[in-house]
Amino acid sequence: MGSRSGAHTRALAAIDHHRDGLFELSLRIHQTPELGYEERQASTWLATFLEGAGFQVERGYRGIETAYRGDASGKGSGPAVAILAEYDALPDIGHACGHNLIAMMGVAAAIGVRAALEQVGGRVAAIGTPAEEGGGGKVALLRAGGFDDVDVAMMIHPSSRTLAGRTSLASNRVDLEFRGKAAHAAAQPDRGISALDGVIQTFNAVNAMRLTLRPDARVHGIITSGGSAANIIPEYAAAKFSVRALDRQYQQEVLKRFIACAEGAATSTGTTLNVTVHENSGYENMVPSTPISDRWAAHADELGLPVMAAAPDERMGSTDMGNVSQVIPAIHPYVAIAPEGTPGHSTVFRDAAGTPQALESALKAAKAMALAAVDVLTDRDLLESARLEFEKRRTEGVVRGRTMG
Ligand SMILES: [Zn+2]
Ligand SMILES: [Zn+2]
């Protein structure tokens, strides 16, 4: 580390050159929240920005309307680095996960790497991955072969702590629908079957189950339909749940027990139950590449973005980047954009994601990602150590690797 190469300098200059446009792009996305798979404006703006910066862009990448891919190649053959962008928002509270910043960082870093490619071999792919908040855009892209021709994948997520990486929880989204029988709730309640009771008993059974779950397990849900009037026994009720744990094996065990809770609730209430485990919502636990994460952290420190040590009990959610990290070496660092302890998915975090300080910190993080990507393209030892670590994890069963997809 220490001295920067000419390729590094070019990367940083290219990002600085686009600074105002990148900030404007991030704020525009922040002010125009779109839900997963409906990010038509954001994906169009991002694809257009990349085209303007010299990328060859394919919209609707792999048949997914709001996915895109921008490519740029260097002088000679070499490895390919994918730099990912997310740009979906949350219902009601907008960009409370700060994906407007992920989008900007993805575009910025890709522009930096493209500038470096005038001197070095290899390729960069700026891939727009929709619907991270439960819709699994990366899961869909992986299934469609969207990452087949890249060697390494990178993205950065905003947070209240700057970290080189941390693990994430394996997860599934599950929808429950209970059906009963409507009747007058005062005159003929005995003729009715309450679908809402099916939902409520599920929550009660899940809450009882928590006592015997491992501390890393998370089962949480909302009621999306609970009837339409107090004087009608509800004939339909529905709930949405997330079921998560640190590893897929235990998560599947918890999922099985969760479904048993719902089935028991249906039996005890006389309702019928329909369970839907969403296909693209099967998020794998994130296993970050150590050598490349460390390289990002070293560059971030040098750029004046101090990186903290991850705590053993670091708080975590789930991400479909976990699925990518299971098939190729991948990194998913975090950049602090809000005071430490600010919860994600909150209005405070949403407001922070649109501040000048957030943009400045995110730009530094993006520069560090560009430099780390240049290193992957130019430093054979770095890519080799990332591959060796991945291979070792694959034989140990920690990750799956491409072939076992
Ligand atoms: Zn989120
Ligand atoms: Zn997020």
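Which residue is the bridge partner of Val-174 in β9? Keep that one in mind while we work our way to it. One thing before you click: this is a predicted model.

**Stop 1: the two domains**

Colour residues 6-168 and 284-396 one way, and 170-281 another. The first selection is domain 1 and the second is domain 2, as the domain assignment gives them. Their C-alpha centres lie 36 Å apart. Now look at where the two touch: nine residues from domain 1 and nine residues from domain 2 make the contact. On the domain 1 side, those residues divide into two nonpolar, six polar and one charged.

**Stop 2: the sheet**

Next, show strands β7, β8, β9 and β10. They form an open sheet, and reading across it you get β8-β9-β7-β10, with antiparallel pairing. The edges are β8 (218-225) and β10 (272-277), each of which pairs on one side only. If you look for the twist, neighbouring strands are turned by 20 degrees against each other on average, direction ignored.

**Stop 3: β7 and its partners**

Select residues 170-179 for β7 and 236-245 for β9. These two strands pair in the antiparallel sense over 10 bridges. Walk along the pair and you can pick out some of the facing residues. Ala-170 stands opposite Ala-245 in β9. Further along, you reach the answer to the opening question: the bridge partner of Val-174 is Phe-241. Then comes Glu-177, which stands opposite Ala-238.

Now turn to β10, which pairs with β7 over six bridges, again antiparallel. Click Asp-175 and look across to Thr-276, its bridge partner in β10.

How many of the 10 residues of β7 are buried? Eight are, so this strand is mostly covered.

**Stop 4: β9 and the β8 edge**

Stay with β9 and bring β8 back into view. The two pair in the antiparallel sense over seven bridges. One place to look is His-220, which stands opposite Ser-242 in β9. Since seven of the 10 residues of β9 are buried, this strand is largely enclosed by the rest of the structure.

**Stop 5: the helices on the sheet**

Add residues 195-209, helix α6. This helix packs on the sheet, touching β7, β8, β9 and β10, and its direction makes about 20 degrees with that of β9. Then add helix α7, residues 248-269. Helix α7 also touches β7, β8, β9 and β10, but its direction makes about 160 degrees with that of β9.

Try a distance check on α6: click its end C-alpha atoms and you should get 21 Å. That agrees with the expected span, because 15 residues at 1.5 Å a residue should also give 21 Å.

Which parts of the structure cover the buried residues of α6? Among them are β7, β8, β9, α7 and β10. To see what is being covered, highlight the buried residues of the helix, including Leu-196, Val-199, Thr-202 and Val-206.

**Stop 6: Leu-101**

For the last stop, go to helix α4, residues 99-116, and select Leu-101. Is Leu-101 buried or exposed? Buried: 30 other C-beta atoms lie within 10 Å, and a residue counts as buried from 20 upwards.

Show what surrounds this leucine. Leaving aside neighbours within four places in sequence, Leu-101 is in contact with Ser-26, Pro-158, Ile-337, Ala-353, Ala-358 and Ala-362. Finally, draw a line from Leu-101 to Ala-373: the two are 272 residues apart along the chain, and their C-alpha atoms are separated by 19 Å.

Key
Residues numbered from 1 in each chain as written. Chains lettered and ligands numbered in written order. Predicted model: local features only at pLDDT ≥ 70, side-chain atom pairs only at ≥ 80, totals over all residues. Pairing = 2+ DSSP bridges. Helix = DSSP H or I, 4+ residues; strand = E, 2+ residues; numbered from the N terminus. Axes fitted to C-alpha atoms, helices over the stretch in contact; angles between N-to-C directions. Contact = placed C-beta atoms within 7 Å. Buried ≥ 20, exposed ≤ 12 C-beta atoms within 10 Å, placed from the backbone. Domains from an automatic or database assignment. Nonpolar A, V, L, I, M, F, W, Y, C, P; charged D, E, K, R; others polar. Expected span 1.5 Å × (residues − 1).
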